[in-house]
There are 2 protein chains.
Amino acid sequence: MFERIERKGVADQIASSLREAIVGGRLRAGDALPSERELATRYEVNRSSVREALRRLEAWGLVEIRQGGATRVRDVLVSAGLQVLPYLIEPRGRVNRAIVRDLLELRAMFLAWCAQSAAERANATTVARLDRLAKALSEARSPSELQQLDYDFFETLVKSSGNRVLLLMANVVREVYMAHRERFVAMYADGAFDAEHHREAVAAIRARNPTAAAAAMRAHALAGIAAVEEIR
Amino acid sequence: MFERIERKGVADQIASSLREAIVGGRLRAGDALPSERELATRYEVNRSSVREALRRLEAWGLVEIRQGGATRVRDVLVSAGLQVLPYLIEPRGRVNRAIVRDLLELRAMFLAWCAQSAAERANATTVARLDRLAKALSEARSPSELQQLDYDFFETLVKSSGNRVLLLMANVVREVYMAHRERFVAMYADGAFDAEHHREAVAAIRARNPTAAAAAMRAHALAGIAAVEEIR
DNA sequence: GCCTTGCTACTGGTCGGACCACCGGACCGG
DNA sequence: CCGGTCCGGTGGTCCGACCAGTAGCAAGGC
């Protein structure tokens, strides 16, 4: 009880409706959307609200708006940004396993690369923070607690890589991951998770051994992928 | 004469103005923006236009809008998406070298990883396309031509990795890169570029040798970084 | 017959003014 | 001190009007 109450604005709902139509394939790339005035009539809302929804879709890279001409649907995989990921993962309520696997593969690449960068340039403060997280991971028991700590470890690693562009990517990934965190909790179920790789990585970073650090985090990520795949 | 006339909508200009204030640091994280009504008065435009601009900033992750409360500036590096990259690269007309280097480093990681994936799973069609691009790179002369071909090579590699999440990332990176392509043309000036690494990579992909493919593309990317750094 | 020109009916863009929903602080009574 | 109530200000939605740009069509010229 006391669960969060949904309160979405009109514009939000329209944006969601259109987004699902596009991502779900009911509207194809190149198709022209009805005019703003017609959408307003059909949804029985004001044109301003429709406009607001359309601007959001445009910011997501899902449609192309041109004054005087029709608003057209763009090809999702060619022009959409990372923000649409949550909707690709779960179109029509069913999880798209292939996309999840793609995401986890990228996670493996990022983890390994960040660990390598961290080993090359991390300072004592960062190493200490990673060390604390690794220790906490060794002691934590509940899967959700492990998941949170592991995510914190990931973020700390990204920050310690010192790459600000990667930081921006991580921001988007965080939103996606947090929205679907229960999908990935399987990676932390009894026995599926072992903090050994984290301890190894921290030791390697402290010893300034990039290769070993990368290998440890890659091993961790691959173990996670295996755990998720097994569950399904 | 008859040069192209700038035609940006009112909302666009307001969004740019506010974006620069935020990215440039004149508005700090946590600061409250003036109300929509006041912004409308100050800019001498309609409130609708201000709203449209604010929604765009929200989509970029630069501000947080809450009904009943003030619209507040968010921490760029904590919540912004990749879309703001162009403005981080060139705040106030001066190029931020550190960000450019971060971007090129990530490019190196992506290139290597894509080449590896491609070697593991590319089909004959893709290999043939990469082969054509590598040949064209060997023959092209002008830097801008080389740049375009190299970018095509990168995109083809991303597609052949088969990872759709990476594809979404590449979409955003493409917009950033294309907006600043002149900045990177130095990588392709006389003598700075050699198609040898591309030929190696294609050969390795065809031979299904992931390690060699990754090494070849990493070498190419590192050479590019060196060329850019030297110019400055 | 073909191309050009200009009209026209549509599209999105901006305007202003009104009212609703919501938040936070000031104020008041218990 | 606590809980309500009120009120000013904020964003959210609505309406109806006009401006600005596009695309297609139809009359005119070659």
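**Charges, chain A.** I began with the charged side chains of this predicted model. Chain A holds 35 positive and 30 negative charges, and I found the mean positions of the two sets to be 4 Å apart.

**Surface and burial, chain A.** I then looked up the accessible surface of chain A, which comes to about 11,800 Å². Carbon and sulfur atoms account for 48% of that surface. As to burial, I noted that 49% of the 232 residues of chain A count as buried.

**Fold, chain A.** I went through the secondary structure next and recorded twelve helices and two strands in chain A. Read from the N terminus, the order is α-α-α-β-β-α-α-α-α-α-α-α-α-α. I entered the extent of the C-alpha trace of chain A along its principal axes as about 65 × 40 × 30 Å. I also checked the contacts in chain A between residues at least 6 apart in sequence; 66% of them join residues at least 24 apart.

**Domains, chain A.** I looked up the domain assignment, which gives residues 10-80 of chain A as domain 1 and residues 87-231 as domain 2. Taken over C-alpha atoms, the centres of domain 1 of chain A and domain 2 of chain A lie 35 Å apart.

**Backbone at Glu44.** I turned to the backbone angles with a general point in mind: most residues other than glycine have a negative phi. In chain A, I noted that A:Glu44 is not a glycine and yet has a positive phi of about 60°. I located A:Glu44 in the loop between α2 (36-43) and α3 (47-59) of chain A. Is A:Glu44 buried or exposed? I entered A:Glu44 as exposed, because its relative accessibility of 71% is over the 50% cut-off.

I repeated the search in chain B. B:Glu44 has a positive phi, near 60°, and I placed B:Glu44 in the loop between α2 (36-43) and α3 (47-59) of chain B. The relative accessibility of B:Glu44 is 72%, so I entered B:Glu44 as exposed.

**Nonpolar core.** Finally, I examined the largest nonpolar core, which contains 152 residues. Which residues of this core touch the most other members? I recorded A:Leu157, B:Phe110 and B:Leu157. I followed one of these, B:Leu157, to its contacts, leaving aside residues up to four places away in sequence. B:Leu157 touches B:Leu111, B:Cys114, B:Ala115 and B:Ala118, and also B:Leu130, B:Ile205 and B:Met217.

Terms used
Residues numbered from 1 in each chain as written. Chains lettered and ligands numbered in written order. Predicted model: local features only at pLDDT ≥ 70, side-chain atom pairs only at ≥ 80, totals over all residues. Heavy atoms only, no water. Helix = DSSP H or I, 4+ residues; strand = E, 2+ residues; numbered from the N terminus. Buried < 20%, exposed > 50% of the residue type's maximum accessible area, 1.4 Å probe, protein only. Contact = heavy atoms within 4.5 Å. Areas by Shrake-Rupley, 256 points an atom, 1.4 Å probe, with all protein chains shown as cover. Lys, Arg positive; Asp, Glu negative; His and termini not counted. Charge placed at Lys NZ, Arg CZ, Asp CG, Glu CD. Domains from an automatic or database assignment. Core = buried A, V, L, I, M, F, W, Y, C linked by side-chain atoms within 4.5 Å.
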